[in-house]
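This report describes the strand pairing, domain contact and ligand surroundings of one chain. Please read it with the sequence and coordinates open.

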Amino acid sequence: MAVTAIAKLDAERLRADFPYLEELQNGVPVAFLDSAASSQKPRQVLDAMTDFYSHSYANVHRGVYRLAERATDAYEGARVKVAEFVNAPSEREVIFTRQATEALNLVAYAWGLDNLGPGDLVVVSELEHHSNFVPWQYIAGRTGAEFRTIPIDEAGELQLEVLAGIAAEGQVKVVATGLVSNTLGTVNPVEKLTAWAHEQGAIMVVDAAQAAPHRPIDVQALGCDFLAISAHKMCGPSGVGALWGRRELLEQMSPFNLGGHMIRTVTAVETTWGQLPYKFEAGTGPIAEAVGFGAAIDYLSSIGLDAIERHEHELTEYALTRLAELDWIETYGPPVARRAGIVSFNVDGIHPHDVCQILDWEGVAIRGGHHCTQPLMHRLGVIATNRASFYLYTVPEEIDRLVAGLEKVKKSLG
Ligand SMILES: Cc1ncc(COP(=O)(O)O)c(C=O)c1O
């Protein structure tokens, strides 16, 4: 078998694409280590959106004049890019949403309300972001289904040995997990979970919000039934995300939001729904944002998702090594081989908010808090962690600045 070399990414060169990274705070650029919350935006995306708003903007799917057709082509072109990005069999299976959260709510409501009931089990993991936890917990409660979580082990990896026990408790109908944990960086074994879900007759829902910016996504290889992503974490604008769903399931589901654009016919007696994907896209969509999303996908694809993944892997290895030099730091999460570019840690006796505040004075931006994963915090026995996260524009010197900043934190508050 031929071995394809993964091109090495030149982060220093790519940094020039990001206006924010050129700005100075107290005379130095900020070491922006919070891309897991939201990424910075390259000029290519900003320019594509400005150009679209300046020259091609109109509402889509409505007008027959040329400007409206141009806008519609750009919007639908972005849908094709998303479909190709996740290797969807058809762009009609791609629904634009406001973000991953709305995509996951769409599945929980539109599939869950009609397909769950007493005796059924909804299974998520202890690692989930609230976006893939709370909707399922709520819809399980509304329908009388039971809600179960797959626990993690000491390293922050899912304990798959509990699955047989869960299956014995009822009819598993939904398995919903993230591909990459936003707090620990754990890469979950989604293919295995999908196989198990399908053995149970359940659907598999994948939250790929934290994976899609950093590694190739292939819904056909994963074998899942639904997958959610957010543009703002992958160099695109806020306000747009996407749900990919298996066509047969989307066809069977009732709509989620109701109103203009999603109908076929409306009379005082009855309303019928439009075809996919419009059935799930009520109202005016995130038009310019979708165009920016498409530009972000072009940008990431031009660099190569494999190269981005490898770059972040090297940074994570470096960060874990440097943090291990500080014996007053506790890091959480799996070995680097099964982890994305995210490192959560705590400084002995110092609250993450204080750590982050002092780091900000040093020009280092990281996140401190529960990261929308309170069940995971509970499992770790902490109320919060610090989280440094990396992206294609992160350089090792920024990790050195994080470590130097932490030494200052320890000196001032330790
Ligand atoms: C794993 C994961 N899932 C879902 C979300 C929700 O993303 P959004 O706020 O864009 O809907 C996030 C955001 O941090 C996340 O990291």
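Two strands are said to pair if DSSP finds at least two bridges between them. The model is a predicted one. With that criterion, Ala176 in the chain has Val205 of β8 as its bridge partner.

**The seven-stranded sheet**

Seven strands form an open sheet with mixed pairing, in the order β4-β10-β9-β8-β7-β5-β6. The edge positions belong to β4 (94-97) and β6, and each of these pairs on one side only. On average, neighbouring strands of this sheet are turned by 20° against each other, direction ignored. As a general point, strands of a sheet pair through backbone hydrogen bonds, either parallel or antiparallel.

The table lists strand pairs from this sheet together with one residue pair for each.

| Strand pair | Sense and bridges | Residue pair |
|---|---|---|
| β5 (residues 120-125) and β7 | parallel, five bridges | Leu121 opposite Val172 |
| β7 and β8 (residues 203-207) | parallel, five bridges | Ala176 and Val205 |
| β8 and β9 (residues 226-230) | parallel, three bridges | Asp207 and Ala228 |
| β9 and β10 (residues 241-245) | antiparallel, five bridges | Phe226 and Gly245 |

A further residue pair links β8 and β9: Val206 stands opposite Leu227.

How much of β7 and β9 is covered? Strand β7 (residues 171-178) has seven buried residues out of eight. In β9, five of five residues are buried. In a regular strand, side chains alternate between the two faces of the sheet. In β9, Phe226, Ala228 and Ser230 point one way, while Leu227 and Ile229 point the other way, and all are buried.

**Ile150 at the edge strand β6**

Ile150 lies in strand β6 (residues 146-150), and β6 is an edge strand of the seven-stranded sheet. Is Ile150 buried or exposed? A residue is buried if 20 or more other C-beta atoms lie within 10 Å of its own. Ile150 has 21 C-beta neighbours inside 10 Å and therefore counts as buried. Apart from neighbours within four places in sequence, the residues in contact with Ile150 are Val123, Ser125, Glu126, Leu158, Gln159 and Val162. Val123 and Ser125 of this set fall in the range of β5, residues 120-125. Between the C-alpha atoms of Ile150 and His378 the distance is 14 Å, although 228 residues separate the two in sequence.

**The four-stranded sheet**

A second open sheet has four strands in the order β13-β14-β17-β16, and its pairing is antiparallel. β13 (329-332) and β16 (367-369) are at the edges with a single partner strand each, so one side of each is left without a neighbour in the sheet. The twist from one strand to the next averages 30°. Within this sheet, β14 (residues 342-347) and β17 (residues 385-389) run antiparallel and are joined by four bridges. One residue of β14, Ile342, stands opposite Ser389 in β17. Helix α11 (residues 305-324) lies across β13, β14 and β17, and runs at about 15° to β14.

**Two domains and their contact**

The domain assignment of the chain gives domain 1 as 11-32 + 304-413 and domain 2 as 47-301. Taken over C-alpha atoms, the centres of domain 1 and domain 2 are separated by 28 Å. Domain 1 brings 23 residues to the contact and domain 2 brings 24 residues. On the domain 1 side, α11, β14, α13 (374-380) and β17 each supply at least two residues. The element that gives the most to this side is α11, with five residues. By class, the side of domain 1 that touches domain 2 has 10 nonpolar, six polar and seven charged residues.

**Around the ligand**

Which residues come nearest to the ligand? Of the 14 residues around the ligand, the nearest are Gln99, Thr101, His129, Asn182 and Ser230. Ser230 also belongs to β9, where Ser230 is buried. By class, the shell around the ligand divides into two nonpolar, 11 polar and one charged.

Terms used:
Residues are numbered from 1 along each chain as its sequence is written. This is a predicted model: local features need pLDDT of at least 70, side-chain atom pairs count only at pLDDT 80 or more; totals for chains, interfaces and linings use all residues. A residue is near a molecule or strand if its C-beta atom, placed from the backbone, lies within 6 Å of it. Ala, Val, Leu, Ile, Met, Phe, Trp, Tyr, Cys and Pro count as nonpolar, Asp, Glu, Lys and Arg as charged, and the others, Gly among them, as polar. Axes are lines fitted to C-alpha atoms, for helices over the stretch in contact, and angles run from 0 to 180 degrees between N-to-C directions. Two residues are in contact if their C-beta atoms, placed from the backbone, lie within 7 Å. Domain bounds come from an automatic or database domain assignment. A residue is buried if 20 or more other C-beta atoms lie within 10 Å of its own, exposed if 12 or fewer, and partly exposed in between; C-beta atoms are placed from the backbone.
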